[in-house]
Amino acid sequence: MPEAQAQAQAPSHTPGLPPLYTPQPQSPSRQGFDFHTSDSDSASAAHDGTGTGTAHSPSRTGTAASQRRTSNPPPSIISPAFTPPATPGFTTPSQPRRPPRSIPVDTSRTSDSPRPELLEELPVVECEVRARIPTTTGHEMWLHVYRNNVDTKEHLAIVFGSQIRSRSLDAERPGETELDRMTRGAYVGRLYPGRMSSRVEAIKRAEGVPSKRTPGQPAPTDPAESPSPSPDQPLASPSPSPSSAASSENGDASPLPLPLPLVRIHSECYTGETVWSARCDCGEQLDESARLMADPVLSPSGGAIVYLRQEGRGIGLGEKLKAYNLQDLGNDTYEANVLLRHPADARSYGLATAMLMDLGLGGDRGIRLLTNNPDKVRAVEGPRREVVVRERVAMVPLAWKTGGKQGIKSEEVEKYLSTKIEKFKHMLDQK
């Protein structure tokens with residue numbers, strides 16, 4: 001009883017505490033917080049106040065417990081110095097979706113670095129056909145097949161969004177019917193059973209719907225209700241598009257300018273994209289490009305992947321496999337191509353420039369280019385800067401961004417990336 005009375009008379013304030021005690025926040029890890037700490041470790045850290053997660057034996061509940069009560073500070077009511085952007089869980093993403101970070105580019109300025117050799121004249125390209133492709137992720141893209149006057153290969157443009165259209169595809173062709181136009185993909189909106197015209201305006205007139213909106217009517221959100229862009233009016237031109245011109249005629253406010261469209265120039269890589277090779281990150285780069293462009297939050301203006309048939313940096317699949325064998329003998333990817341009497345990089349981007357112009361992505365407004373390759377930035381612009389790269393978006397390997405938890409992990413891909421940085425001068429580091 002005397003002990004109980006003494007405890008009851010003990011002061012509620014602990015005299016050993018320093019005044020205005022404030023706990024020091026722990027510095028976050030690379031991912032912000034360590035979400036792998038177990039509940040038992042957290043509970044132990046909360047009891048002993050050290051944050052070390054040291055477990056205590058159940059037998060130490062007497063003197064040790066009283067010492068902790070008298071020596072440790074009380075729980076803090078001050079907000080932590082760092083708040084995570086979202087609550088981690090299965091339904092809430094741990095990181096918010098943000099557009100990819102861009103780096104301003106201006107190739108018009110003089111530079112000491114050597115410039116790539118460019119074609120004096122761009123190739124002539126024509127979009128032969130396009131089709132809507134629903135993807136396994138739930139998004140849709142438009143696959144364009146191009147012909148040209150310099151080779152017989154079928155180069156591709158993978159387009160996301162309804163704002164980017166091919167001028168050569170939409171151009172009238174002698175003797176074609178409306179069914180011909182819809183069959184080769186020269187239509188606006190969506191196809192459906194019974195559709196008779198490739199042009200939305202013709203469908204509206206057949207149904208007795210006015211072709212022009214009345215003043216005050218909101219702008220259409222369905223691409224099928226928008227007029228087809230004129231082949232002579234590129235999308236990226238600073239002058240107003242047909243839809244914005246119609247809005248001005250009807251007295252509506254001009255729409256806010258959209259961010260620059262995102263573009264990726266991608267060379268074919270059968271091994272990395274189809275047979276799961278861990279020698280390169282080409283397949284990962286293609287997937288990441290499509291992910292960024294398909295998301296309207298990340299790319300409100302849509303995007304285009306120009307897919308060039310330039311296997312093995314232009315040497316072909318057979319020679320590329322020979323280069324793989326030379327790499328296994330101790331050479332890097334640069335040296336292997338040279339030993340085979342090929343240029344280290346035999347690719348050309350004139351076709352990409354011409355295809356971007358056909359898609360309305362030429363002109364002074366510019367594009368955002370997904371690349372780490374400084375030569376590609378200048379080469380894509382063309383001999384007379386027909387396409388202007390305003391911003392560059394780096395393509396960081398997924399394994400680097402996640403600390404090795406995701407992405408490609410192999411000795412070969414690390415050597416490959418090191419060679420790209422050291423010998424091809426790619427703008428990439430792990431910082």
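This is a dialogue on how to read several features of a predicted model.

Colleague: What are the mean pLDDT of the protein chain and the share of residues that reach 70 or more?

Modeller: The model is predicted, and the mean pLDDT of the protein chain is 77, with 61% of residues at 70 or more. Where pLDDT is low, the predicted coordinates should not be read in detail. Here that concerns residues 20–61, over which pLDDT stays under 50, and residues 213–252, where pLDDT also stays under 50.

Colleague: How many contacts beyond four places in sequence does the model have for residues 20–61, and how many for residues 213–252?

Modeller: The model has 35 such contacts for residues 20–61 and 51 for residues 213–252. The general caution about low pLDDT applies to reading them.

Colleague: How many helices and strands does the protein chain have?

Modeller: There are 16 helices and 8 strands. Of the 431 residues in the protein chain, 35% are buried. The exposed surface comes to about 26,100 Å², and carbon and sulfur atoms supply 56% of it. For contacts between residues at least 6 apart in sequence, 65% join residues at least 24 apart.

Colleague: Which residues touch the most other members in the largest nonpolar core?

Modeller: The general idea is that, in soluble globular proteins, nonpolar side chains tend to be buried together. In this structure the largest nonpolar core has 31 residues, and those touching the most other members are Ile 265, Leu 308, Leu 356, Leu 359, Leu 361 and Ile 367. Helix α13, residues 350–358, gives the most to this core, with 5 residues. Apart from this core lies another, of 16 residues, including Leu 156, Phe 160, Leu 262 and Leu 286.

Colleague: What is Leu 308 in contact with, leaving aside its neighbours within four places in sequence?

Modeller: The contacts of Leu 308 include Ile 265, and also Leu 351, Ala 352 and Met 355. Those last three are among the buried residues of α13. Leu 308 is also in contact with polar residues, among them His 155, His 266, Ser 267 and Glu 268.

Colleague: Why is α13 described as largely enclosed by the rest of the structure?

Modeller: An α-helix has 3.6 residues a turn, so residues three or four places apart point the same way. In α13, burial covers 8 of the 9 residues, so this helix is largely enclosed by the rest of the structure. The buried residues are Gly 350, Leu 351, Ala 352, Thr 353, Ala 354, Met 355, Leu 356 and Asp 358. After the helix comes Gly 360, with a positive phi near 80°.

Colleague: Which elements are included in what covers the buried residues of α14?

Modeller: The cover includes β5 (262–267), α13, β7 (363–370) and β8 (387–393). Helix α14 spans residues 374–381, and 6 of its 8 residues are buried, so α14 is largely enclosed by the rest of the structure. The buried set includes the charged residues Lys 376, Arg 378 and Glu 381, along with Val 377, Ala 379 and Val 380. At the N-terminal end, Asn 373 acts as a cap, with a side-chain oxygen 3.0 Å from the backbone nitrogen of Asp 375. Gly 382 follows α14 and has a positive phi, near 90°.

Colleague: Is Val 393 of strand β8 buried or exposed?

Modeller: Val 393 is buried, at 2% relative accessible area. Its C-alpha is 5.9 Å from that of Leu 369, which is 24 residues away along the chain. Beyond four places in sequence, Val 393 touches residues including Pro 100, Arg 101, Ser 102, Leu 262 and Leu 369.

Colleague: How far apart in space are Asp 106 and Val 389?

Modeller: Their C-alpha atoms are 7.4 Å apart, although 283 residues separate them in sequence. Asp 106 lies in the loop between β1 (103–104) and β2 (125–134), and this aspartate is partly exposed, at 38% relative accessible area.

Colleague: How many disulfides does the structure hold?

Modeller: A disulfide is a covalent bond between the sulfur atoms of two cysteines. The structure holds 0. For Cys 280, the closest cysteine sulfur is in Cys 282, at 3.6 Å, which is too far for a bond. Cys 280 is buried, at 4% relative accessible area, and Cys 127 is buried at 0%.

Colleague: Is Lys 420 buried or exposed?

Modeller: Lys 420 is buried, with a relative accessible area of 12%. This lysine lies in helix α16, residues 411–422. Beyond four places in sequence, Lys 420 is in contact with Asp 281, Gln 285, Lys 425 and His 426.

Notes:
Residues are numbered from 1 along each chain as its sequence is written. Side-chain values use heavy atoms; hydrogens and water are left out. A nonpolar core is a set of buried Ala, Val, Leu, Ile, Met, Phe, Trp, Tyr and Cys residues joined through side-chain atoms within 4.5 Å. Buried means under 20% relative accessible area, exposed over 50%, partly exposed in between (1.4 Å probe, protein chains only). Helices (H or I, at least four residues) and strands (E, at least two) are DSSP runs, numbered from the N terminus. Contact means heavy atoms within 4.5 Å. A disulfide is a pair of cysteine sulfur atoms within 2.5 Å. pLDDT is the predictor's confidence in each residue, from 0 to 100. Accessible areas come from the Shrake-Rupley method with a 1.4 Å probe; for residues, only the protein chains shown count as cover. A polar contact is a pair of N or O atoms within 3.5 Å; within protein, one must be able to donate a hydrogen and the other to accept it, and residues adjacent in sequence count only if both atoms are side-chain atoms.
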